[in-house]
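Hello,

Here is the structure I promised to pass on to you. Have a look at it first, and then read on for my notes.

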Amino acid sequence: MIEGIRRVNPEAWHTLREILTKLGLSVRKILPETIAIITAFLIGAIALLITGYPPVEAYSAMISGAFGDVFGIGQTLTQATPIIFTALAFLFAFKSGLFNIGAEGQLLVGAFASALIGISFNNLPVYIHLPLALLAGALAGGFWGFIPAVLKVKLGAHEVITTMMLSYVASNLTSYMVNYPFKAPGWVPQTIVVAPSAELPRILQPTQLSASIIIAVALAWFTDYMLKKTTLGYEVRAVGLNPSAAESSGISVKKGMILALVISGAIAGLGGAGEVLGVHRRFIEGFSPGYGWDGLAVALIGRLHPVGVVFAAILFGALRSGGMVMTRATGVPLDIINMLQALVVILIAAPKLIRYLLKRGGFKW
Amino acid sequence: MSMAVRMIDITKSFPGVVANDSISFLVEKGEIHGLLGENGAGKTVLMSILYGLYRPDRGQIYIDEKEVKVDNPATAIKLGIGMVHQHFMLVPSLTVAENIILGREPTKNKVLLDMDKIVNDIKGFSERYRLKVDPKVLIYTLPVGVQQRVEILKALYRGAEILILDEPTSVLTPQEVEELFKAIRALKEQGKTIIFISHKLKEVLAICDRVTVLKRGKVAGTVKAEETSPGKLAEMMVGREVIFTYEKKRVKSEEAVLKVEGLKAINDRKLPALNGVTFEVCKFEILGVAGVEGNGQTELVEVLMGLREATAGRVFVDGTDVTNTVTGERIELGVSYVPEDRRKRGLILDFSVMENLILGKHNKYPFAKGWIRLNFEKASDFAKGLIQEFSIKTPSEDAPARNLSGGTQQRVIVAREFSRKPKLIIASQPTRGLDVGATEYVRKKLVEMRDQGCAVLLISADLDEIWALSDRIAVMYEGEVVAIRDPGKTSELELGLLMAGGKRD
C-alpha cells in the first residue's frame, strides 16, 4: 500500500513521510506493523467468505463506521482512550524490566476511587474537585501497583502472577462496592452520578469523547519525555536493561522497580478515572470490556513506544466502534473483531514471518 | 611434509566486518601449531569454520590433503577434528564417563548402556594419553583443570586426530598449565595434531612448534617457535613493540584507604565463600590479589562493593565503616569499580556510550538535580571529553555500547570509573579477554592512578599481570588470604604453591 502511494503520488508520499518522521516513526520502521494489519484483514476476509458474509461490504461498513463521520471518529477515539492509558502503563513497567499485566485491576480501582471522590463532595469548585478526583484515581491505581512491587522486592513473588491475581481482586472488590455499600437506587450495579464539578468535559458532542483523550495523549508525550529525558527515566531504563550493572553503579534496583510499578499503576488508574468522570459519569460494574488486557496487546503493536501506542490504540478503538456499525449494517458477528485483533497481535509477534513477507515482496527502503 | 589441515584463501564476512580476509592456514601432521592474535583478529572465526560452526564465503579446506566441506560439527567430528571450547560443554551432574560418551553411547542390544565397557574404554584412553581422570566421579566435583582433561578425552573418544584447543590455559593455575602442557606433548607423541589458540605469548612459545599470527583478519605470518621471541610475536600481533614492564616509582604510605577485617560471606549456593579475610590497601599502592578463580575473589569484590552481604567482619573505606551499606554510599566515598564481567556488571549494552559514561553520575551535578530533567547536553560534552581523553574508538557518543569491541567497552568502563577521581579502585580481572593493546592501556592507567595516590585493589587470575603491577601480592585460597608477599621477595613457584593451597603463613 505504502509502496503504491509512493509510485502514484510522490508528493503525497513525501508529505506523509515527513509527518511520520516528525512523530518519531519512520515509514520503514512501521512497515512490519502495516503489513501485519493488512495480512490480518486479508485472513479475516477469508473467514468472512467462508462463513458467507461479503467481506468488502463488511469492511467498508467498518471503516466508514469508524472514520466516516464525526460520530464515528468520536466513538473510535472514545474507545481508544482507556487503551492508551493501559498500554502506557504496561509500557512503563516494561521499560524497567517488569511485566505489569494487571492494568485491568489498576484501572478498576482507579475508576472506583475517582467515582468515590466524585460522589462524595457536592459543593467544591471544579478546579479543586476534578483534579482531586483524577488524583484519587491515579493514587488508587498506584497503590494497586505498589502491592505487587513490594511483594516482588520483599518476597520475590513474580509480578506476572501477583498483578494478574490483583486484577481479579480489584474486579471482585469494585463489584462488591457497587452491589452493596455504594449501590445507586435501581437494579443496575452502579454508583450514583458524580457531581458536575467532578465531570471531565465532553469535547465532541454528541459523542461520548471526553477530555480524557487529551490527558491520554499528553501522558503519552510525557511518558516518552520521562523515559528519555529525566533522571528517573534513565534509572528505570537502566534497571530494565541491565539490573546488575545498574546496581553496581549505585542505582537501587528495588527502588527503581517499586517506582516503575507504582507509576505504571497510577497511569492505568488515571485511565479508569477518565472513563468514570468523562464517559460514564459513574462507576458501572463491568464498564471495562478488558481495557487492561487490550493495553498489553496495544503496547506490543505500538512497539513499546509511547507514540506508537497512541496509533495502535486508535486502531483497536476503530475496530471496536467500526465493528459495532458493521454488525448493525451487515449482520456480521462481532466476534470477527476479536479475531482481527488477535490476528494483528499474532502477526506482529511473528517478526520472522513479516520479514519473510517483506523479502518476498521485494521491498527496498 | 603432509599437511593435516590446509585452509586456503578463507574469507568470511559479517555485516560490517571482514573477520577472515583470504586467510591461508597450514598445519603439519603431528605438530603443535599456535594460533595467536588479538581479540577480534579472527582466530575463533577461523577455527569455527574448520569445526563447521560457520561456513566460509570463499576458500577451500583440505583435511589430510583431501578437499572437504565442513557443514556442521558432526561432519568435523567424522573428519577427525575435535574442539575444546573455552567454556566447557559438560553436564555437571553426570559422571566423567557419561559426559565422554554423550552423543555416541555404546549399548548392549541397542538398548542398555554398556557401562562396564565404557569405563574400561575410558580408563584405557586416559592411560594411553596420560590424561589421568576417574571415569566414575561427577563432573561438578572436579577442579577446572580436570574438567578440561575430560573435554580433551571426549574429543579423543570421538576419534579426533586434529585437536583444537581454544584458550585452554585461561582458567588454569600455573601447575595445571604444566599438567596440560605435559598432556599436549603426550598427544603429540601419539601422532595427534594440535592447534593451540591463545593470546598469551609465553605459553605459545613454550608449547608450540610453529605459530601463525593473525592480525585484523589477515595472516601476519607463520614462524617457527624457536626462531622467534615474545617481543617479535607481539610486534606481529599489534604492529609495534609492546612494553611489558611498568615503572614502579613507589611512594610509601601508611594511610590505609581500604581496611578489611575478618570478612565472611556465603556464595550463591549458600556455601561459605569468605572465611575471615583481613587485609588493607594504602594510598599509592596496588595490592594484587592472586589466586585460582573460585577461591572467593568474586565474592570478596561483591562484598566490598555492597553487592553481597557480609555475614561477619567489617569493611572500612577511608576510615568510614561501610559494612553492608548500599553500593551508592561507597561510590560517594570515592570507590571506583571495574567489574570482572564487563558485559553483565559494567555496562548497559543497549545504552549509548554517553549514557554508559554518566552511569552513577547521572543523578549528580552538572547532569541532574534529583529526578527531574537530565541534562543531556552536558552529558554529551562530558562524554566527548572522555572519548578523546581515553581514546575510545566509537563512531559517536550516541553509538550503543553493544557495537563496540571488548577492548573499547573496557575503555568506556575505565573512563567512567577513573574520571570520578577515586580514592580507591577495585579492579577485578580488568584485562581479561582484552588484546595486547587494550591490556597495556588498562594496566598503564591503573599504574597512573596509583601514582596519583589512589589505592588500587587488583584481582586477577593472570599471574603475570599481578606480578607486573602489584606493590604487594595477596594470595587467596579457599576464601582466605593465605599470604601477603612483596613481589621482590617471592617467586612464581612459591606463589603457585600458595595458590594451590600447598603452603600458607
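**Two crossing helices in chain A**

In chain A, helix α6 (residues 103-120) and helix α12 (residues 253-280) have axes that come within 6 Å and cross at roughly 50 degrees. Before going further, please keep in mind that this is a predicted model. An angle from 35 degrees up to but not including 65 counts as oblique, and α6(A) and α12(A) are therefore oblique to each other. The crossing in which α6(A) passes α12(A) is right-handed.

If you would like to find the contact on screen, α6(A) brings residues including A103(A), Q106(A), L107(A), G110(A), S114(A) and G118(A). From α12(A) come, among them, G265(A), A268(A), G272(A), E275(A) and L277(A). Sorted by type, the residues of this contact are eleven nonpolar, eight polar and one charged.

**Chain A as a whole**

What does the secondary structure of chain A come to? There are 16 helices and zero strands. The C-alpha atoms of chain A fill a box of roughly 60 × 60 × 35 Å along the principal axes. A compact globule with 365 residues would have a radius of gyration near 21 Å, and chain A agrees with this because its own value is 21 Å.

One spot in a loop deserves a look: the peptide bond from Q205(A) to P206(A) is cis, with omega near 0 degrees. You will find P206(A) in the loop between α8 (159-179) and α9 (212-229) of chain A.

**Where the chains touch**

How many residues of each chain are in contact with the other? Chain A has 15 residues in contact with 27 residues of chain B. On the side of chain A that touches chain B, α10 (231-241) and α11 (243-248) each supply at least two residues. The most comes from α10(A), which gives five residues. That side of chain A divides into five nonpolar, eight polar and two charged residues.

**The six-stranded sheet of chain B**

Turning to chain B, you will see an open sheet of six strands in the order β18-β19-β20-β15-β21-β22, with mixed pairing. Its edge strands are β18 (335-338) and β22 (480-485) of chain B, each of which pairs on one side only. On average, neighbouring strands of this sheet are turned by 20 degrees against each other, direction ignored.

At one edge, β18(B) runs parallel to strand β19 (residues 424-428) of chain B, and four bridges join them. Here Y337(B) stands opposite I426(B) in β19(B). Helix α14 (residues 406-418) of chain B packs on the sheet and touches β18 and β19 of chain B, with a direction that makes about 175 degrees with that of β18(B). Another helix of chain B, α17 (residues 492-499), also packs on the sheet, where it touches β15 (285-290), β21 (472-477) and β22 of chain B. The direction of α17(B) makes about 30 degrees with that of β21(B).

At the other edge, β21(B) and β22(B) run antiparallel and are joined by five bridges. The bridge partner of M476(B) is V481(B) in β22(B). The hairpin of β21(B) and β22(B) has two residues between the strands, and in this hairpin E478(B) takes a positive phi near 45 degrees.

**The four-stranded sheet of chain B**

Chain B also has an open sheet of four strands, in the order β14-β13-β16-β17, with antiparallel pairing. The edge strands here are β14 (272-282) and β17 (320-321) of chain B, each pairing on one side only. Two bridges link strand β16 (residues 312-317) of chain B to β17(B) in the antiparallel sense, and F316(B) stands opposite D321(B) in β17(B). Helix α9 (residues 297-304) of chain B lies across β13 (256-266), β14 and β16 of chain B and runs at about 65 degrees to β14(B).

**Two loop details in chain B**

Chain B has a cis peptide bond too, joining Y365(B) and P366(B) with omega about 5 degrees. The loop between α12 (353-357) and α13 (376-389) of chain B holds P366(B). Finally, D64(B) is a residue other than glycine with a positive phi, near 50 degrees. Look for D64(B) in the loop between β4 (58-63) and β5 (66-68) of chain B.

Enjoy exploring it, and best wishes.

Notes. Residues numbered from 1 in each chain as written. Chains lettered and ligands numbered in written order. Predicted model: local features only at pLDDT ≥ 70, side-chain atom pairs only at ≥ 80, totals over all residues. Pairing = 2+ DSSP bridges. Axes fitted to C-alpha atoms, helices over the stretch in contact; angles between N-to-C directions. Contact = placed C-beta atoms within 7 Å. Parallel < 35°, antiparallel > 145°, perpendicular 65-115°, else oblique. Left-handed = near helix turned anticlockwise from the far one by under 90°. Nonpolar A, V, L, I, M, F, W, Y, C, P; charged D, E, K, R; others polar. Rg over C-alpha atoms; globule rule 2.2 N^0.38 Å.
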